[in-house]
Amino acid sequence: MPAARCALPLSWPPRPVGALLLALLGFAALGAASAEPVFPMLTGRILDEAGLIKADDYTAIIEELTALEKKSTDQVVVVTLKSLQGYPIEDFGYQLGRKWGIGQKDKDNGILLIVAPNERKVRIEVGRGLEPVMTDALSKLIIENAILPEFRRGNFSAGIRAGVRDIKDVLLGDAEAVKERAREARSADDLDIWSIILIVFWICVVLFVVYAIVQSISNAPQAVGGRRGRRGTPVIVPGDSGGWGG
C-alpha cells in the first residue's frame, strides 16, 4: 500500500494570505531602511552642522589638524550635529566613522570628535589602529577636563578647540601634557570649592555675631530716664528752729 502523502495546493499560501505576507515583508524592509540614520556628507576636516565653531577657532583647528596629518598621518575630523536622530551617540559615531572611512585603510588611524548640543552629548570615536594610543581613559580625561568645562560656560567653540588640542598632543606622543593640564584644572576647581566654603563659613560667623548682639540688646534691662520721680510724704528733719525740712 503506498504511503500517504500530504499534497498542498499549488496556490499555497492562499492568495489573500500570500499578498498579506508580502505586504508585511515590504513594510518591514521599508521600516528597516528608514530606521538607518541619515548621515551628513563629509566635506572636510570640520563639519559644523550645528554652527558652534567661531571663525577664528575654525581656521586654527583646520591648521592644527592639517599639521597633525602631515606629521603623523593620523586623521581627525570634528563634526557637530543638529540631531543624533534618536540614536545613542556611541552607535551613531560608530556608524558615521564606518560611513566616512576616516583614517588610512591599512592603519585605521582616524578619530571623530562628535558634538551633539541638543542631546548634550560629546564623544571621541577612535579607529582601531589608534586605540592603544588614544585610550578610553585619555578620551574621558579630555572630555571632562578640556571640553565640558567650556561647554558648561556656553563656550562651545573654545571647548572644541581645547579638545582638538589635547587629541593632537596625545597622538603626537605628549599625553603627559594633557594629564598635567587636567591636574591643574582639578586643582583650580578644588581651590574654587574651598574658597566658596571659606566665604560661606565667614558669612555664617558674621551672621552669628550679629544675631548674638541683637539678642543681648533685646534681653538687657531698659534704662529709665527723662521723667520726674513720684511725689512722696514730706520728711521733717529735726534741728534748730531755723532749720528747714525737705
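**Exercise 1.** Determine which strands helix H5 lies across.

*Solution.* Helix H5 (residues 156–171) lies across E2, E3 and E4, and runs at about 160 degrees to E3. Helices (H or I, at least four residues) and strands (E, at least two) are DSSP runs, numbered from the N terminus. Axes are lines fitted to C-alpha atoms, for helices over the stretch in contact (heavy atoms within 4.5 Å), and angles run from 0 to 180 degrees between N-to-C directions.

The model is predicted: local features need pLDDT of at least 70, side-chain atom pairs count only at pLDDT 80 or more, and totals for chains, interfaces and linings use all residues. Residues are numbered from 1 along each chain as its sequence is written, and side-chain values use heavy atoms, without hydrogens and water.

**Exercise 2.** Establish the strand order of the open sheet and its edge strands.

*Solution.* The four strands of the open sheet follow the order E1-E2-E3-E4, with mixed pairing; two strands pair if DSSP finds at least two bridges between them. Strand E1 (46–48) and E4 are the edge strands, each pairing on one side only. On average, neighbouring strands of this sheet are turned by 10 degrees against each other, direction ignored.

**Exercise 3.** Describe how E1 pairs with E2, and how H4 packs on the sheet.

*Solution.* Three bridges join E1 and strand E2 (residues 75–80) in the parallel sense. Leucine 47 stands opposite valine 79 in E2. Helix H4 packs on the sheet and touches E3 and E4; the direction of H4 makes about 145 degrees with that of E4.
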